[in-house]
Each structure stands twice: as C-alpha cells, then as structure tokens.
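Here is a short note for someone opening this structure for the first time. Please keep the sequence and the 3D view side by side while reading.

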Amino acid sequence: MPQRDLLIVGAGPVGLALALALKDSGLDVVLADARPREAVGSDPRVLALAHGSRLSLERLGVWRDIAATPIETIHVSQQGGFGRSLLRAGDYELPALGYVTAAGTLAGALRKAVDAAGIPVLDQTEVGTLTPNGDMVSAELAGTDAPARLGARLVACAEGGLRAGDADVVEHDYGQHALISVARVAGAHHHTAFERFTSDGPVAFLPYGKDYAIVHVAPPTQADTLLALDDDAYLASLQAKIGGRVHLTAIGERLRYPLVLRYRRHPVGERTVWLGNAAQTLHPVAGQGFNLALRDVCSLADTLRRQARQPGFDPGAPALLAGHARARQLDRFGTIRFTDTLVKLFSNDLMPLRHARGAGLFLLDICPPLRHFVAKRMMFGARAWP
C-alpha cells in the first residue's frame, strides 16, 4: 500500500489551495477528486472574495491569473424600511473591499499552479472508507489510475457536504432557497455591490464583469413560483427588490440551492481534519463561506509548515490538530454566528424589528468605528478583533 504524508480529499478551490500552500513544506501530498478534471474548472458558481482572501491568493502566487471584478462600495439597506449604510474601499486606502469571480475560474488557476508544482492529483477517484490505524489512515480508493488503498499520516477532507444526523454536526434549516443568476444592467455598475434585506430573505447584487451576479433568497414555495416565471417577469420581480438603484435589462439561467446551516462542532478527528463545505456550510449572506474556508486552509498550512521543522514531525499528531482547532475557534464560530444572526435579524417583517434594523443601519453609517469594525470583520475575519 503506497503511503503519503497528506491525502487531500477534493480538488476544488479549498483542497487545491491547501496543496499549493504546502508545495515547499517537504510534505508528500496527493489529492483525490471524484470529478473529471474539467468539471472543477467549469463550476459556474460565483464567489465573493474578501480583500483578505486576495492577500492569501497573492501569497499562493495565483491572484494574477484570476479574472475578478472588484467591489469598491457595498450598499446595505432593507426593503420597506428606513436606514442604509455604505462601506467604501477608499475609507481603508484599499483598491477594493472584495472581488467577484467564478468558482471554476479560481479552481482553474489553482489547478494550473498545483500541476506546475508537481503535486499529483488523482482525478475521477472516489475516496471511500477512511480507517485510522495507529500512525496512519487507510483510505479506500476507486479510480482508473489510483491504487485500491492508500495510507496517509493525515487526511484533509475538503469536499462534500455534511451528513444530516451525524452526532457531531449541528444543523439548522433556514426554510429558504437561493436563486443564482447573472443579470445585465443598463450603464455601468461602478463596482458597487448591493445587499438588500427583505422580509423573504436577502438579495445580493454583485458586480461581475459588466453584469451583476445575483443571489436571491426566498422561501421554497416562493422559489417555485419565481422559477416558473418567464425571464421578463422574473426580471421585474428583481427590479422591484432593488428599486431605482440599478436598471436590469436581461437575465440569464437561474440555478437553485436550498439553504441550510451545517457545521461540525469539532473540525478535527483522529488523523483527520475537515475544511470548507466538509466542515461548515453557511448561508450566503455577506459571502463569508469560502473566505472562512481559505482562512482555515492558510492556518492549517502555516501550522504544518512550522511543525515540519521539528524532529519527529507527525502531521497527524493529536496535539497538532487540537492546536489548529483551538487557533481557528474564535474566527470559525464567530463567522458562523455572524452570518446566522444576520439571517435571523433580517429575514422577517415584524414592525419593531424593522425599525430596529433601520436604526442599526443608520447607526452603522454615522459611526465610523462601528462601520470600520464590520468592514474589517468581513475582510479579515477574527483578525479584525484587536
């Protein structure tokens, strides 16, 4: 049975970023992904990358190869209520607060860099049962060019959803679905993103090329109705959400995803660490999911690289994994609670809460320290907390 220091399950953006972050660490790394190589690069989902994620991708040497649209201003408001807040990149002397790109574009740039570094990827390879056994995890593999079994001192699970009913998994169904689409606009979007809270759920308009990528959250029955609309009728419903701030002229294909919060209480186990959607699945409000995953990846890679210099280094040692989990606890659970609280506060139409939300947005706009804290929290995670 061949043996490796690290088996990364999943060659999407999260798994590829971890492999690339460890390219000069001395660790023997291999990735395995159930999909064909071209499937990852053609992923149509849109990601909002925080400024902190740009810095991480620059350190990985791939940022220059990623076509991304900058977000210079974020306009936050609620439908049917007063109060709004503006976050501007210029307030922080940054070129942008964040960036918008396709998941496939990001994965393609990372995969190109991983291939150039000579890190092997087993495409079209299913990873089955993972069995810890002393100083090794035995992984069952099923793929044309893969061995039947592979041993790894550490396994990083970076793909796949969380199983409902798992004793270590916390789950909350938001009773919402997200409709994802791309809309054309008349004129320029001026690199302005809109986060519009409605009683049904948030609607995000993200500058994407010359268009807007739209994340439209609605209850499941309403999502059924919206999907049944023709393009003109659906465009009119979106226009009613955003008002006169932008003028939408055409809409593309609509994709639908149910929204459920799931997260592992403990993102590490016996010689195993979970990352990305294998560790937590968040609501898309504020676009924190991938940014949190990339911070987890960079923290784990830094820990492994630092410990690799020590005699008797073991990448799957319990103390090392426990230290990683402790280091990430504040940012991880802070981000989970931050997004969950936003959804619960803004996805209802109770009059007292509507007024309180408006007052909160107004306070955010006139109180620079509070506004700066929120902006930095979104860009850098727990590093915003002094």
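The points below go from the whole chain to helix packing and then to two arginines.

1. Start with what kind of model this is. The structure is predicted. The chain has 386 residues, and 53% of them are buried. Its secondary structure comes to ten helices and 20 strands.

2. Next, look at the contacts along the chain. Take those between residues at least 6 apart in sequence. Of these, 72% join residues at least 24 apart.

3. Now find helix 1, residues 13–21, and helix 4, residues 103–116. Their axes come within 9 Å and cross at roughly 30°. Angles under 35 degrees count as roughly parallel, so helix 1 is roughly parallel to helix 4. The crossing of these two helices is left-handed.

4. Which residues of helix 1 and helix 4 make the contact? Helix 1 supplies Pro13, Leu16, Ala17, Ala19 and Leu20. Helix 4 supplies Ala103, Leu106, Ala107, Leu110, Arg111, Ala113 and Val114. By class, the residues of this contact are eleven nonpolar, no polar and one charged. The charged residue is Arg111 of helix 4.

5. Helix 1 also packs against helix 7, residues 289–307. Here the angle is about 25°, and the axes are 9 Å apart. Helix 1 and helix 7 are therefore roughly parallel to each other. Helix 1 passes helix 7 in a right-handed crossing, whereas its crossing with helix 4 is left-handed.

6. The residues meeting between helix 1 and helix 7 can be listed too. On helix 1 they are Pro13, Val14, Ala17, Leu18 and Ala21. On helix 7 they are Phe290, Ala293, Leu294, Val297, Leu300, Ala301 and Arg305. This contact divides into eleven nonpolar, no polar and one charged. Pro13 and Ala17 of helix 1 are worth selecting in the viewer: they take part in the contact with helix 4 and in the contact with helix 7.

7. Move to helix 3, residues 51–59. Its buried residues are His51, Gly52, Ser53, Arg54, Ser56 and Leu57. Just after helix 3 comes Gly61, with a positive phi of about 80°.

8. Arg54 sits in helix 3. What does Arg54 touch, leaving aside neighbours within four places in sequence? The residues are Trp63, Pro95 and Tyr99. With Tyr99, there is a side-chain to side-chain polar contact of 2.6 Å. Gly98 is 44 residues away from Arg54 in sequence, yet the two C-alpha atoms are 7.9 Å apart.

9. The other arginine to inspect is Arg254. It lies in the loop between strand 16 (248–251) and strand 17 (255–264). Is Arg254 buried or exposed? Its relative accessible area is 15%. Buried means under 20%, so Arg254 is buried.

10. Which polar contacts does the side chain of Arg254 make? One goes to the backbone oxygen of Leu226, at 2.7 Å. Another joins it to the side chain of Asp231, at 2.9 Å. Not counting residues up to four places away in sequence, Arg254 touches Leu226 and Asp231 along with Ile180, Ser181, Leu227, Leu229, Asp230 and Tyr234.

11. To sum up the arginines: Arg54 is a buried residue of helix 3, and its side chain has a polar contact with that of Tyr99. Arg254 is buried as well, and its loop runs between strand 16 and strand 17.

Terms used
Residues numbered from 1 in each chain as written. Predicted model: local features only at pLDDT ≥ 70, side-chain atom pairs only at ≥ 80, totals over all residues. Heavy atoms only, no water. Helix = DSSP H or I, 4+ residues; strand = E, 2+ residues; numbered from the N terminus. Buried < 20%, exposed > 50% of the residue type's maximum accessible area, 1.4 Å probe, protein only. Polar contact = N/O pair within 3.5 Å; in protein donor to acceptor, adjacent residues only side chain to side chain. Contact = heavy atoms within 4.5 Å. Axes fitted to C-alpha atoms, helices over the stretch in contact; angles between N-to-C directions. Parallel < 35°, antiparallel > 145°, perpendicular 65-115°, else oblique. Left-handed = near helix turned anticlockwise from the far one by under 90°.
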